[in-house]
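Work through the exercises below with the structure open beside you. Try each task before you read its solution.

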Amino acid sequence: MRSSRHLREAQAGSWEKFGQEDPYTYILTGLKNQDQREFWQSGRWTIEQELLPLIETRQVTPGVAMELGCGVGRLLFPLSSHFREVIGADIAESMIQRAERFAEDNGLGNVRLCVIAGPEDLLHRAGNYLGKIDLFYSLLVFQHIPDLAMIEGYLHVIGILLADGGIAYLQFDTRPENFAYRIKTRMPDFLLPRFWRKGIRRVRRYPEDIELAIRKAGLEIAGELTPFTSYHRYILRKAGRLSAAL
């Protein structure tokens, strides 16, 4: 069995390749004809229709937001006008380089970007923000991580980074495994469409496993959206915080 380090290296290598080949379609697999206007519009829509209502309802302080798996900045850039500072982290250097050029070209001075190798590296690079992150979010990212131990590591880091009143907003694929899914995950890559191959394929998780990892990280579930679907989102906070309105 390969070690977690080898799995991290393999995943980083896959996403570096995706970032060089076609970052827009690999980030948003439903994108048609590499339409960059549709790509950026989808990010603005997600911020306006999904994240901003969450921020308002949860009364999130507009201080520092952090995104894990920011890619080229599809969500990070439209969110930047709503926070004092936004930080994006990704394992693909080519994507971060694209995001840095975009931020510079558009004068986004409150955007910080970094390449990371895994949970430990994220904690190291975010050392100045321990206990200061008001919103930590990650969409369409955890569904691609094959190693549960890596997810547990990220959750542990999130628990350290969150401010006392901060929240995390994380998406997973928690659809039940079925026969077709099991067959697909056992087939060699060359027989599969590109978005079903290792590195990009969605990995389904049992909610029980995710929720155990959440508790072990010192976090608690403040809310859930669309459970047992491909877009299952958890709203998390540090354990012991007073309940907030859904």
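**Exercise 1. Work out what share of the chain's contacts between residues at least 6 apart in sequence join residues at least 24 apart. Then describe the make-up of the chain.**

Solution.
Step 1. Take the contacts between residues at least 6 apart in sequence; 69% of them join residues at least 24 apart.
Step 2. Keep in mind that this is a predicted model.
Step 3. List the secondary structure: the chain has 9 helices and 7 strands.
Step 4. Turn to burial. Of the 246 residues in the chain, 51% are buried.

**Exercise 2. Give the strand order of the sheet and find which strands stand at its edges.**

Solution.
Step 1. Read across the sheet: the order is E3-E2-E1-E4-E5-E7-E6. The sheet is open, and its pairing is mixed.
Step 2. Look for strands with a single partner. These are E3 and strand E6 (219–225), so each has one side without a neighbour in the sheet.
Step 3. Add the twist, which averages 20 degrees from one strand to the next.

**Exercise 3. Determine in which sense E2 and E3 pair, and follow the chain from one to the other.**

Solution.
Step 1. Locate strand E2 at residues 85–90 and strand E3 at residues 111–115. They pair in the parallel sense, over 5 bridges.
Step 2. Check the register. Val-86 stands opposite Val-111 in E3. Gly-88 stands opposite Leu-113, also in E3.
Step 3. Trace the connection: the chain leaves E2, passes through H5 and arrives at E3. This β-α-β crossover is right-handed.
Step 4. Place the helix. H5 packs on the sheet and touches E2 and E3. The direction of H5 makes about 160 degrees with that of E3.
Step 5. Set H7 beside this picture. H7 lies across strand E1 (64–68), E4, strand E5 (162–172), E6 and strand E7 (232–238). H7 runs at about 155 degrees to E5.

**Exercise 4. Classify the ring pair Trp-40 and Phe-102: is it stacked or edge-to-face?**

Solution.
Step 1. Recall the two values needed: a pair of aromatic rings is described by the distance of the centres and the angle of the planes.
Step 2. Count the pairs. The structure holds 7 aromatic pairs.
Step 3. Apply the values. The centres of Trp-40 and Phe-102 are 4.8 Å apart and the planes are at 20 degrees, so the pair is stacked. The cut-off for stacked is under 30 degrees.
Step 4. Place the two rings. Trp-40 lies in helix H3 (residues 36–57) and Phe-102 in helix H5 (residues 93–105), so the pair ties together parts 62 residues apart in sequence.
Step 5. Compare exposure. Trp-40 is buried, at a relative accessible area of 15%. Phe-102 is partly exposed, at 29%.
Step 6. Widen the view: ring pairs link Phe-39, Trp-40, Phe-77 and Phe-102 into a cluster.

**Exercise 5. Do the same for Phe-142 and Tyr-154: which class of pair do they form?**

Solution.
Step 1. Apply the values. The ring centres of Phe-142 and Tyr-154 are 6.2 Å apart and the planes are at 75 degrees, so the pair is edge-to-face.
Step 2. Place the residues. Phe-142 sits in the loop between strand E4 (133–138) and helix H7 (148–161), while Tyr-154 is in helix H7. They are 12 residues apart.
Step 3. Check burial. Phe-142 is buried, with a relative accessible area of 0%. Tyr-154 is also buried, at 3%.

**Exercise 6. Find which backbone oxygens the side chains of Arg-201 and Lys-238 reach.**

Solution.
Step 1. Start with Arg-201, in the loop between helix H8 (179–186) and helix H9 (207–216). Arg-201 counts as buried, at 9% relative accessibility.
Step 2. Follow the Arg-201 side chain to the backbone oxygen of Thr-185, at 3.4 Å.
Step 3. Move to Lys-238, in strand E7. A polar atom of the Lys-238 side chain lies 2.9 Å from the backbone oxygen of Leu-162.
Step 4. List partners of Lys-238 beyond four places in sequence: Gly-159, Leu-162, Ala-163, Asp-164, Gly-218, Leu-219 and Glu-220 are in contact with Lys-238.

**Exercise 7. Decide whether Gly-165 is buried or exposed.**

Solution.
Step 1. Place Gly-165 in strand E5.
Step 2. Read its relative accessible area: at 53%, Gly-165 is exposed.
Step 3. Compare positions along the chain and in space. Gly-165 and Gln-59 are 106 residues apart along the chain, and their C-alpha atoms are separated by 9.1 Å.

Methods. Residues are numbered from 1 along each chain as its sequence is written. This is a predicted model: local features need pLDDT of at least 70, side-chain atom pairs count only at pLDDT 80 or more; totals for chains, interfaces and linings use all residues. Side-chain values use heavy atoms; hydrogens and water are left out. Rings of Phe, Tyr and Trp (its six-membered ring) pair if their centres lie within 6.5 Å; planes under 30 degrees apart count as stacked, over 60 as edge-to-face and the rest as tilted. Helices (H or I, at least four residues) and strands (E, at least two) are DSSP runs, numbered from the N terminus. Buried means under 20% relative accessible area, exposed over 50%, partly exposed in between (1.4 Å probe, protein chains only). A polar contact is a pair of N or O atoms within 3.5 Å; within protein, one must be able to donate a hydrogen and the other to accept it, and residues adjacent in sequence count only if both atoms are side-chain atoms. Two strands pair if DSSP finds at least two bridges between them. A crossover is right-handed if, with the strands pointing away from the viewer, the path from the first strand over the helix to the second runs clockwise. Axes are lines fitted to C-alpha atoms, for helices over the stretch in contact, and angles run from 0 to 180 degrees between N-to-C directions. Contact means heavy atoms within 4.5 Å.
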